[in-house]
Amino acid sequence: PIAIRREDYAAPAYWIDTVDLTFDLDPAKTRVLNRMQMRRNSEVPVQPLRLDGDELNLARVLVNGQGASFRMEGEQLVIDGLPDSFELEIFTTCCPIKNTKLMGLFVSEDTFFTQCEAEGFRRITYFLDRPDVMASYTVTLRASKAAYPVLLSNGNLVEQGELPEGRHFAKWVDPFKKPSYLFALVAGKLVAREQRIKARNGKEHLLQVYVRAGDLDKTEHAMNSLINSVLWDEARFGLPLDLDRFMIVATSDFNMGAMENKGLNIFNTKYVLANQATATDADYSNIESVVGHEYFHNWSGDRVTCRDWFQLSLKEGLTVFRDQEFSQDLCADASARAVKRIEDVRVLRTAQFPEDAGPMAHPVRPDSYIEISNFYTVTIYEKGAEVVRMMQTLVGRKGFEAGITLYFERHDGQAVTCDDFAQAIADANPESELARLLPQFKRWYSQAGTPRLAAHGVYDAQNRSYTLSVVQSCPPTPGQPTKEPFVIPLNVGLLDASSGRELPLQLEGESEATHGTRTVVLSRAGEQITFTGLDAEPVPSILRGFSAPVILDFEYTDAQLLTLLANDPDPFNRWEAGQRLGLRAALNGIAALATDTTPVLNDAYIDAMRSVLRNPQLDAAFKELVLTLPSETYIAEQLDVVDPQRVHLVREAMRAQLATALFADWEWAYEQNHDTGAYSPDPTSSGRRALAGMALNFLCLAARASGDAVWPGKTLQRFKDAGNMTDRFNALNALVSSGHTLAAQALARFHAIFKDEALVIDKWFSLQAGAPDRGGDILPLVKQLMKHPDFSLKNPNRARSVIFSFCSANPGAFHRPDAAGYVFWSERVIELDAINPQVAARLARALDRWSKLAEPYRSAAREAIARVAAKPDLSKDTHEVVTRALA
Ligand code: B3K
Ligand code: ZN
């Protein structure tokens, strides 16, 4: 396989103005007639037309209605000697029922779906399958009316009717030009929830959510999320819905979360279907985010798209930022907004930071790839969103809105680059620090790796000043041995060490002090920030709100962290102080070779946690976040050499200690929070359910140590009586993760109740495969689960629920001294690769961080990766991941 390079970008040699597609849908043999009006791009030298194809059967090629001579070069269809403009007609067939890759046209539960991003359209017809070729589409779908009563494509339905032999047709015209990756069709037995809404300008729109007949009672939340998304984008950024009809369709077989096809979004059922009996609060909130995300793509992605796939973060980073802001803006108060921010940062730090430190590290705008599907990463998405967020911080919220307005005015209907985006934001804010530092700021797009800030504070009693010295660095990443300094907006505040009160801020040379947080813009390798007018050494609160995606090293004393935890008005840093204390305890425990009975947490930490738990001023959701210990993955990232079993053991010891030491407090917290009344997924009541669930978890864990039967009994009762899935699942989780004997009957009952609810059965599998390992018991269980009649490797959600929950989300169970976890992993990667390379390549990344492992894990992991890499006929996807891992 060969690498595609960003610097090799060349404009297309031909343009496609219109595409007229006719589908005769049949699961075993679908016929596709593709009629295109094309013309030569006069700005590039004359050259043959090369159309992309993949697993197509070619029947006929006509140029201006005449049989044309063509040749095949690999999978490309090549035609020479074409006139400057012409009609090209191509007739092909494909086999959707055998399409297990779920790219292109495939069948799921007797329904046709498509997935074209990034390069799936070439599996439907020969095409210039690249995002800078934008065309107007007319699509006619023909199929058996009984089997496929609903026929959908992008845009507006302009005609429909009957055909002979029980068939019917529907013709769709998309009023907007689009790249091929945004094409979609759906055909099958579906029903829709519908809602008509009126936009600000008085225009009416039809919103539809299509699902299978039994699922209509689970579409209300998705519809509400869609309505909120439409209103929000108009209110916050002045971006209206530009279509008469906006459709969402759910499928249970999907490689990812959802897809923003113009006017016809296709979703994984996981991000559409919810009612209180089947979905947890987390599901509700994910649905809101993903519905928002796909809807926001209608502008950031569809109206303005990417010139090439290296610019993927142009649409993904921006759209993640937009969906994060949407969810925050829907929150009723600052505390709920902070909770959302903390959750987003947690994802960044547990998933993106390791990626940026591992073999797959790449810039937000990569320089090369072998398989683009491998670059739908947390770096492109989440770090990309942080880059956009920093721009907003540098130009202010209003300035950023002006920048977005300019970006869409300037580039509507175009395929553009990350540079174009940054330029528009800067141009709308000519006086800003962003405009002043733009070329340097753009290093966030070109340099991979997580920058580190080493900060150090010195108090000068004589001058009543406090100087923070900050040195930035960034470790080497593949292909980038050295890095230049980044532009880093650093949000800072100071607290009084004795009272914990926030201090006014006066920088050296300023005549007046200000209150609250200050944004200091770092741009040099080393800088000093001096605050004046201070009577004593303050406690610095640095990187408030996580104002940049960096690692901050500051030698806080425990006392300083306790002050921040108790007092910081910035909720993010308040939470962060608790995490730093927990992390410090974990690292000390690991270094001291703690056993499972050594106390790892000191009294001060436990008392501080008790104060947070009992604090009447704090919301339950925030408490739950503070009391959640840093994950095993996050702890492991802080170590040079990782013994995953030791990390697991120490973290479990910490959990056991929190369970016992705060037993009475957990009882109190449960009593206070477990009754949330009639179900509503709002942040306040979901926060209370989360804290009650956490309390039950610790109470069952404490019972494990003491032999007490009361709380496990209560938990089982709770499991049986629960009025919603969140409470029911939390109770089940408490029994399973404490390893209580009552877990077995609860699991059996759960399966019996929900046997017909695929998404709930996914939870049932995932809970078991992700449960804390005790003496190596999880791998045999996982192998058992794979033999369960409900298991299927072909369904991505199901495969993820068992295999990924074990390999990627359960380090204590996966990293076994006997290497059996790695052997299992390599077998599954190879097996999945033959079915669905995208899913396989995702799983392949479970061992990204192998080189950090202690022996015997390290050698065993390397051997397992090498075994996969040695397999002939590996997909490009998996091949790229494992060869980079071994490089
Ligand atoms: N743009 C799609 C992701 C497509 C993934 C292709 N392998 C979903 C999204 O980010 O909204
Ligand atoms: Zn997206």
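**Close-up views of a predicted model**

**View 1. The span that UniProt annotates, residues 95-182.** An unreviewed UniProt entry places the feature "domain: Aminopeptidase N-like N-terminal" at residues 95-182. Keep in mind as you look around that this is a predicted model. Follow the span from one end to the other: its end C-alpha atoms are 21 Å apart. Strand makes up 48% of this span, and helix 0%.

**View 2. The residues around ligand 1.** Which residues surround ligand 1? Going along the chain, they are E117, A118, M256, A258, M259, E260, H293, E294, H297, E316, S373 and Y376. Two elements, β21 (258-259) and α2 (281-297), give two or more residues each to this shell. Helix α2 provides the largest share, with three residues. Sorted by class, the shell holds five nonpolar, four charged and three polar residues.

**View 3. Where domain 1 touches domain 2.** The protein chain is divided into three parts, namely domain 1 (306-446), domain 2 (452-555) and domain 3 (756-887). This view looks at the first two of them. Taken over C-alpha atoms, the centres of domain 1 and domain 2 are separated by 24 Å. How many residues are in contact here? On the domain 1 side there are 16, and they meet 14 residues of domain 2. Try finding the helices on the domain 1 side: α4 (334-357), α5 (378-411), α8 (438-441) and α9 (443-446) each supply at least two residues. Helix α5 gives the most, with five residues. The classes on this side of domain 1 are nine nonpolar, two polar and five charged residues.

**View 4. I425 in the largest nonpolar core.** With 258 residues, this is the largest nonpolar core of the model. V249 and I425 are the residues with the most contacts inside the core. Let's zoom in on I425. Which residues does I425 contact once its neighbours within four places in sequence are left aside? They are M391, V395, F400, G403, Y407 and L434.

**View 5. Helix α10 and what covers it.** Helix α10 takes in residues 558-567. Its buried residues are Q560, L561, L562, T563, L564 and L565. What covers these buried residues? Both strands and helices take part: the cover includes β28 (488-495) and β31 (539-542), together with α11 (571-591) and α12 (603-614).

How values were computed
Residues numbered from 1 in each chain as written. Chains lettered and ligands numbered in written order. Predicted model: local features only at pLDDT ≥ 70, side-chain atom pairs only at ≥ 80, totals over all residues. UniProt positions renumbered as here; feature names shortened; annotations may be inferred. Helix = DSSP H or I, 4+ residues; strand = E, 2+ residues; numbered from the N terminus. Near = placed C-beta within 6 Å. Nonpolar A, V, L, I, M, F, W, Y, C, P; charged D, E, K, R; others polar. Domains from an automatic or database assignment. Contact = placed C-beta atoms within 7 Å. Core = buried A, V, L, I, M, F, W, Y, C linked by C-beta atoms within 7 Å. Buried ≥ 20, exposed ≤ 12 C-beta atoms within 10 Å, placed from the backbone.
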